[in-house]
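Work through the exercises below with the coordinates open. Each task is followed by a stepwise solution.

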Amino acid sequence: MRIAITGGAGFIASNVADAYQALGHELLVVDDLSSGRESNVPRGATLVRADVRSPAAAEAIERFRPEVLNVHAAQIDVRRSVADPRLDAEVNVLGGLNCVEAARRGGALSRVVYAASGGSMYGDVAPLPTSEGAPPAPVSPYGVSKAAFELYLGCWRALYGLHFVALRYANVYGPRQNPHGEAGVVAIFTDRLLASKECVIYGDGGQTRDFVHVYDVVDANVRALTTPFSGGVNVATGVETSISRVYELLAKAAKVVTPARLAPGKPGEQRQSVLSPAKAKAELGWTPKYDVERGLAQTVEWAQSHQSR
């Protein structure tokens with residue numbers, strides 16, 4: 001298949017691109033390289049350096065005539081979304097629409113795979129672990145914009161019959177996550193631990209997240225190419241892990257005994273988040289293979305092996 005991937009030089013989507021290419025698909029990667037790296041793009045894929053909001057991105061996608069559009073490009077920083085909600089909406093909603101409409105104009109588009117956000121869209125009031133039936137109740141502009149684009153995809157299915165799979169990610173971590181340009185406490189802690197620098201936990205450390213390894217996320221993206229299911233589905237472990245516990249596991253793997261420093265919490269962040277993966281198992285045949293202990297240890301090992309690169 002011809003697959004266009006936005007944000008394909010970034011953390012998650014470059015891992016997805018590797019898997020798609022290994023399966024023999026023809027790839028177009030659209031990325032402005034603001035946080036992604038050209039070296040992450042698999043050899044043989046066509047890279048167009050462009051902002052997803054731009055005419056250049058739209059023109060490249062339309063010319064490519066993708067059968068599948070995989071949407072990963074996004075403004076992903078919750079704190080930045082609070083400080084600049086307009087920018088957040090421009091990238092996550094208008095940028096996504098720019099690319100989907102270009103793909104539709106190409107004439108071959110039959111499916112959109114969307115990197116949605118289960119970790120931010122349900123808010124703090126939904127039962128835990130949260131299932132897809134919980135109403136959207138985001139507590140940050142980022143959560144609002146990610147949920148809004150999923151609603152647009154539902155509208156496009158109703159209007160045009162466009163098949164879509166919105167993979168509602170929990171907190172993704174693992175190889176290639178950039179601690180400087182992409183949000184992610186695992187990447188930040190790992191980077192600082194290996195550099196013998198102090199780590200800071202914002203809040204009391206008791207806040208929890210559902211941490212899912214990027215290789216499990218890749219598997220969900222592969223399954224989304226062929227599933228008859230259309231709609232939103234959580235990609236998560238169903239296991240709640242505190243930020244303090246994450247630090248302990250990473251420090252252990254990095255052989256560091258210094259505790260993290262606590263600092264005041266940041267606005268717009270949820271206290272608890274853990275998602276039910278039951279629907280993903282039923283509809284995609286997907287289950288996570290990495291528990292948090294194994295996944296965090298693997299992440300530190302990967303980071304250590306890439307320190308000098």
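Two strands count as paired if DSSP finds at least two bridges between them. The model used here is predicted.

**Exercise 1.** Find how strand S1 and strand S4 pair, and over how many bridges.

*Solution.* Take S1 at residues 2-6 and S4 at residues 68-71. Their pairing is parallel and runs over four bridges. One bridge to check: Thr6 has Val71 in S4 as its partner.

**Exercise 2.** Give the strand order of the open sheet, then explain its edges.

*Solution.* Seven strands take part, with parallel pairing. Read across, the order is S3-S2-S1-S4-S5-S6-S11. S3 (46-48) and S11 (231-235) each have a single partner strand, so one side of each lacks a neighbour in the sheet. From one strand to the next, the twist averages 20 degrees.

**Exercise 3.** Which strands do helix H1 and helix H2 lie across?

*Solution.* Start with H1, residues 11-22: this helix lies across S1, S2 (26-30), S4 and S6 (163-169). Its angle to S1 is about 170 degrees. Next, H2, residues 55-64, lies across S1, S2 and S3. H2 runs at about 170 degrees to S2.

**Exercise 4.** Test the length of helix H11, then list its buried residues and what covers them.

*Solution.* H11 (residues 292-305) has 14 residues. At 1.5 Å a residue the helix should span 20 Å, and its end C-alpha atoms are 20 Å apart, so the two agree. Buried, under 20% relative accessible area, are Val292, Gly295, Leu296, Gln298, Thr299, Val300 and Ala303. Their cover includes S7 (171-173), H7 (185-194), S10 (211-213), H8 (214-223), S12 (241-242) and H9 (243-254).

Conventions. Residues are numbered from 1 along each chain as its sequence is written. This is a predicted model: local features need pLDDT of at least 70, side-chain atom pairs count only at pLDDT 80 or more; totals for chains, interfaces and linings use all residues. Side-chain values use heavy atoms; hydrogens and water are left out. Helices (H or I, at least four residues) and strands (E, at least two) are DSSP runs, numbered from the N terminus. Axes are lines fitted to C-alpha atoms, for helices over the stretch in contact, and angles run from 0 to 180 degrees between N-to-C directions. Contact means heavy atoms within 4.5 Å. The expected span of a helix is 1.5 Å times one less than its number of residues. Buried means under 20% relative accessible area, exposed over 50%, partly exposed in between (1.4 Å probe, protein chains only).
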